[in-house]
Amino acid sequence: MATRPARVAHGAIYTRRWVVEMMLDIAGYTADSDLVAERVIEPAIGEGAFIEPIVDRLIAARGDAPWADLKPCIRGWDLQATSVELTRKRVVQMLVSARCPEPVAEQLVSAWFRVGDFLLDPDRSYVGTLVIGNPPYIRLEDVPNELSKAYREAMPTMGKRADIFVGFYEQGLNLLAPGGRLVYICADRWMHNDYGKALRRKVVDSFSVDTVVSMHDVDAFETQVS
């Protein structure tokens, strides 16, 4: 796969492929599992860093299942229409290369990816067995006041000077099926700082933490971050 230029926009910091593969392994989203039965949510698809490996693995694990049966397997959001369209085109190419009829491939990507705000416009009829991704990094004070207020009202854990990724944790947990898994690569400040207190309480009260991988000093992204 060609390396894409690193860029940061709208809080987006793109994840290297090896990190995504490791996260999918940790989540148990592997080709020897029944991935057709999985319901994967990617809350900020960006340029497809997570989506492409997910689709690769889904294709490999499809077996004899009809292509149309893959329609409920993935849901992805992004605020940027250009990012969603780019991802749709790439995924159609992947599916067609795997001998999926192009009209079916177009139907699949139309169902899989949508332009929208994951925090304010989730598909609550879709319950995920896996929520995975790299949430955007934006401090709430850098968000326009009206939007910041809407986020705080929708996501009660986003208190004080929280980063927007706190809301992505809350929304991801809200959309999990019983027994589902959430795997994010994210700053760990919410685990220590005061603004993460409500999110930590939500996790303790209703969920559990199985794995924490410390990635300080690891070159995990396509651009330098602290």
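The exercises below work through a predicted model, each with a solution in steps.

**Exercise 1. Overall make-up**

Task: State how many helices and strands the protein has, and in what pattern they follow one another.

Solution.
- Step 1. The secondary structure comes to seven helices and seven strands.
- Step 2. Along the sequence these elements follow the pattern β-β-α-β-α-β-α-α-β-β-α-α-β-α.
- Step 3. The protein has 226 residues, and 48% of them count as buried.
- Step 4. Among contacts with a separation of 6 or more, 78% join residues that are 24 or more positions apart.

**Exercise 2. The five-stranded sheet**

Task: Find the order of the strands in the open sheet and trace how strand 3 is paired with strand 4 and with strand 6.

Solution.
- Step 1. The sheet is open, with five strands in the order 5-4-3-6-7 and parallel pairing.
- Step 2. Strand 5 (113-115) and strand 7 (176-184) are the edge strands, as each pairs on one side only.
- Step 3. On average, neighbouring strands of this sheet are turned by 20° against each other, direction ignored.
- Step 4. Three bridges link strand 3 (residues 40-42) to strand 4 (residues 74-78) in the parallel sense. V40 stands opposite I74 in strand 4.
- Step 5. Strand 3 also runs parallel to strand 6, and two bridges join them. Here V40 stands opposite L130 in strand 6.
- Step 6. Strand 6 is joined to strand 7 by five bridges, again in parallel. In this pair I132 stands opposite V183 of strand 7.
- Step 7. Five of the six residues of strand 6 are buried, so the strand is mostly covered.

**Exercise 3. The two sides of helix 3**

Task: Decide which residues of helix 3 are buried and which are exposed, and explain why the buried ones lie on the same side.

Solution.
- Step 1. Helix 3 (residues 81-97) lies across strand 4 and strand 5, and runs at about 165° to strand 5.
- Step 2. Helix 3 has 17 residues and reaches 24 Å from its first C-alpha to its last, close to the 24 Å expected at 1.5 Å a residue.
- Step 3. The buried residues of helix 3 are S83, V84, T87, V91, V92, M94 and L95. Because they cover an arc of only 165° around the axis, they are on the same side of helix 3.
- Step 4. T82, K89, Q93 and S97 are exposed on the other side of helix 3.
- Step 5. The cover over the buried residues of helix 3 includes helix 2, strand 4, helix 4 and strand 5.
- Step 6. Just after helix 3, R99 has a positive phi of about 75°.

**Exercise 4. Helix 4 and the largest core**

Task: Show which residues of helix 4 are buried, what they pack against, and what W112 touches.

Solution.
- Step 1. In helix 4 the residues A105, L108, V109, A111 and W112 are buried. They lie on the same side of helix 4 because their arc around the axis is only 160°.
- Step 2. The face turned away from this buried side carries the exposed residues P103 and Q107.
- Step 3. Helix 2, strand 4, helix 3 and strand 5 are what the buried residues of helix 4 pack against.
- Step 4. Leaving out residues up to four places away in sequence, W112 touches V55, L58, L70, K71, C73, I74, R75, G76, V91 and L95.
- Step 5. The largest nonpolar core has 38 residues, of which L58, I74, L95, W112, F113 and I132 touch the most other members. Two or more residues of this core come from each of helix 1 (17-27), helix 2 (51-61), helix 3, helix 4 (102-112) and strand 6 (128-133).
- Step 6. Another core, of 28 residues, lies apart from it, and includes I41, L140, A162 and L176.

**Exercise 5. Two single residues**

Task: Classify D163 and A198 as buried, partly exposed or exposed.

Solution.
- Step 1. D163 lies in the loop between helix 5 (145-154) and helix 6 (165-174).
- Step 2. The relative accessible area of D163 is 3%, so D163 is buried, the cut-off being under 20%.
- Step 3. Leaving out residues up to four places away in sequence, D163 touches P136, Y137, I138, R139, M158, R189 and Y195.
- Step 4. A198 is in helix 7 (residues 197-206). With 37% relative accessibility, A198 counts as partly exposed.
- Step 5. A198 is 41 residues from T157 in sequence, yet their C-alpha atoms are 5.0 Å apart in space.

Conventions:
Residues numbered from 1 in each chain as written. Predicted model: local features only at pLDDT ≥ 70, side-chain atom pairs only at ≥ 80, totals over all residues. Heavy atoms only, no water. Pairing = 2+ DSSP bridges. Helix = DSSP H or I, 4+ residues; strand = E, 2+ residues; numbered from the N terminus. Axes fitted to C-alpha atoms, helices over the stretch in contact; angles between N-to-C directions. Contact = heavy atoms within 4.5 Å. Core = buried A, V, L, I, M, F, W, Y, C linked by side-chain atoms within 4.5 Å. Buried < 20%, exposed > 50% of the residue type's maximum accessible area, 1.4 Å probe, protein only. Expected span 1.5 Å × (residues − 1). Arc of directions from axis to C-beta.
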